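Dear colleague,

I am passing on the structure we spoke about, with the sequence alongside, and below it I have set out what was found. Please read the notes with the structure open beside them.

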Amino acid sequence: MGHQRVFRVSTPQARRMALDILRRCLDHNQDIQAATDDVLAVAPDGPDKGLATELAYGYLRLRGRLDFLLNQLLRNPVQTSPVLRRILGVAAYELLFLSRIPEYATLDWAVTLAKDRLDPTMGKVANGVLRSLLRLGRAVHHPDYFQTKTAGVAAFLAAWYSCPSWLARMWLSAYGQEQAETLLRASLQTPPLGARINRLHPEANALRQQLASTAEVREFEAALTQWPEFLHAAETNGVLTRQSLAAQRIMDVLGVDLWPDPILDACAGRGGKTFLMAERGKEVWAADVNVFRLGQFGAECRRLGFAVPVFRAPAQGPSPLRQAPRTIFLDAPCSGLGVLSRRPDIKWKRTPADCATLASLQRDMLAGAAGLLPGGGGLVYVTCTMNPAENETQIASFIHDHPNFSLVRQARTPMSEHLGEFFFGAVLHKKN
């Protein structure tokens, strides 16, 4: 859609903001959360911010299903302007999933905007397509409609669960239809808000008790349906950190409390898992190759009150360390296919070629860690994706190439716990 941001003042603010978020995210490759934060930061407080967020995330989660329906209704879907398709997509999301908004209001802004951004003919096209969509009625909310109009399981899954065909085929091949549908169904849900209470903070137990009435609290992990006002102060003061439940759970599943320290977090990023380990009483060193992320890491250090040594270095090596760690933790860059519920933009940006490139990078990082780690040390590998080439196959290949390592534990976050996201991890031991 380029830079053509010509909105009439009459276009409702929430739709203007939603389309701006999508433009930044899909046309300029900004992460959905960052795009949302940037757009909402300059908007006045009020309900429009919530609606804009819902429209942007909802459209991205269901874009595949919406496109499938629009393709049935457009005379020439392949040659339809991307500008018109996006207006129709957001309007279709409103009509099908936001019953509180009157249909006439949606038709009005979408048709007017299509006229203004394109021409009066496109306004008529928008009007005709959206009214035809409404005439399909409740049928489009049931999988049967999509099964009758697709050929084969993968095509049906891609249309109904709103994902690229290659992803549906990959998960069908890797996990079978039942698990593939579980993954795809989860990708369409809004995941619970996760928080980690800093167990070393003097106010930790008081906060746990305060949260118990409004959240599901497990040890020092909280699952919330909303973010209460009092948590803003707790977050600012370092008592609490926002972190997905699945990200915390994989650390427990892999036995973080048993890992010998000092631990080198070789892909620390802004430190989400680094500080989880520090709060468990571990001596942690942190490294990352990205200067911006290291700056964010420093800010988190100050907020949480930790003095974690940090330096800039690639996980593949060489390392500037003079003392070897006893454990190397690799929270590896990955395709992110396990966190589509929180990052729905990923499925429209990733390609199979990206996955192959990332798998190659992970292989180099594992090899670099293997060389740095002394005999008797532990290597912990984590991804937030569901792709055997980056997970199980990656670890099997590593052990084949490094016979001095043995697999201690390998796991995924359980599908049965309804965390909405899926992480993979493996713990390896280097023989003396």
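**Gln-316 and the loop around it**

Apart from neighbours within four places in sequence, Gln-316 makes contact with Leu-361, Asp-364, Met-365 and Gly-368. Please keep in mind throughout that this is a predicted model. Gln-316 sits in the loop between S7 and S8, and with a relative accessible area of 32% it is partly exposed. Measuring tape aside, a distance across the model may help you to place this residue: Gln-316 and Leu-55, which are 261 residues apart in sequence, lie 40 Å apart from C-alpha to C-alpha.

The loop between strand S7 (310–312) and strand S8 (327–331) also holds Pro-318, and the peptide bond that joins Gly-317 to Pro-318 is cis, with omega at about 0°.

**Other backbone features**

A cis peptide bond also joins Asp-261 and Pro-262, where omega is about 5°, and Pro-262 belongs to the loop between helix H12 (245–253) and strand S5 (263–265).

Two residues with positive phi may be worth finding on the screen. Asn-29, although it is not a glycine, has a positive phi of about 60°; it is placed in the loop between helix H1 (13–27) and helix H2 (32–41), and its relative accessibility of 56% makes Asn-29 count as exposed. Glu-219, a residue other than glycine, has a positive phi near 50°; Glu-219 is found in the loop between strand S2 (216–218) and strand S3 (221–224), and at 55% relative accessibility it counts as exposed.

**The chain as a whole**

The protein chain has 17 helices and eleven strands, and its C-alpha trace spans about 75 × 45 × 40 Å along the principal axes. For 432 residues a compact globule would be expected to have a radius of gyration near 22 Å, and the 24 Å of the protein chain agrees with that. Of these 432 residues, 52% are buried. When contacts between residues at least 6 apart in sequence are considered, 69% of them join residues at least 24 apart.

**A buried leucine in helix H6**

Leu-130 is part of helix H6 (residues 120–135), and it counts as buried because its relative accessibility is 0%. Beyond its neighbours within four places in sequence, Leu-130 is in contact with Leu-88, Ala-91, Ala-92, Leu-95, Leu-107 and Ala-110. Arg-75 is 55 residues from Leu-130 along the chain, and the C-alpha atoms of the two are separated by 13 Å.

**Cysteines**

How many disulfides does a search of the whole structure find? The search finds zero. Cys-25 is in no disulfide, and the nearest cysteine sulfur, which belongs to Cys-384, is 16 Å away; Cys-25 is also buried, with a relative accessible area of 0%. As a general reminder, a disulfide is a covalent bond between the sulfur atoms of two cysteines. For Cys-355, the closest cysteine sulfur is that of Cys-334, and because the distance between the sulfurs is 9.3 Å, they are too far apart for a bond. Cys-355 is likewise buried, with a relative accessible area of 6%.

**Pocket and cavity**

The second largest pocket has a volume of about 230 Å³. It is lined by 13 residues, of which Thr-182, Ala-186, Met-415, His-418 and Gly-420 are the closest to its centre. By class, the lining of this pocket is made up of seven nonpolar residues, five polar ones and one charged one.

As for enclosed spaces, the count comes to two cavities of 30 Å³ or more, and the second largest cavity has a volume of about 40 Å³. The residues that line the second largest cavity include Trp-171, Leu-183, Ala-186, Ser-187, Gly-420 and Phe-422, and among the others are Leu-337, Gly-338, Val-339, Leu-340 and Ser-341. This lining divides into seven nonpolar and four polar residues, with no charged residues. Ala-186 and Gly-420 are thus named both for the second largest pocket and for the second largest cavity.

With best wishes

Definitions and conventions. Residues are numbered from 1 along each chain as its sequence is written. This is a predicted model: local features need pLDDT of at least 70, side-chain atom pairs count only at pLDDT 80 or more; totals for chains, interfaces and linings use all residues. Side-chain values use heavy atoms; hydrogens and water are left out. On a 1 Å grid over the protein atoms alone, a cavity is a set of points where a 1.4 Å probe fits but cannot get out, and a pocket is an open set with protein on both sides within 12 Å along at least five of seven lines; lining residues have an atom within 4 Å of a point. Grid points are joined across faces, edges and corners, and a volume is the space filled by probe spheres set on the points. Ala, Val, Leu, Ile, Met, Phe, Trp, Tyr, Cys and Pro count as nonpolar, Asp, Glu, Lys and Arg as charged, and the others, Gly among them, as polar. A disulfide is a pair of cysteine sulfur atoms within 2.5 Å. Buried means under 20% relative accessible area, exposed over 50%, partly exposed in between (1.4 Å probe, protein chains only). Helices (H or I, at least four residues) and strands (E, at least two) are DSSP runs, numbered from the N terminus. The radius of gyration is taken over C-alpha atoms; the globule rule is 2.2 Å times the number of residues to the power 0.38. Contact means heavy atoms within 4.5 Å.
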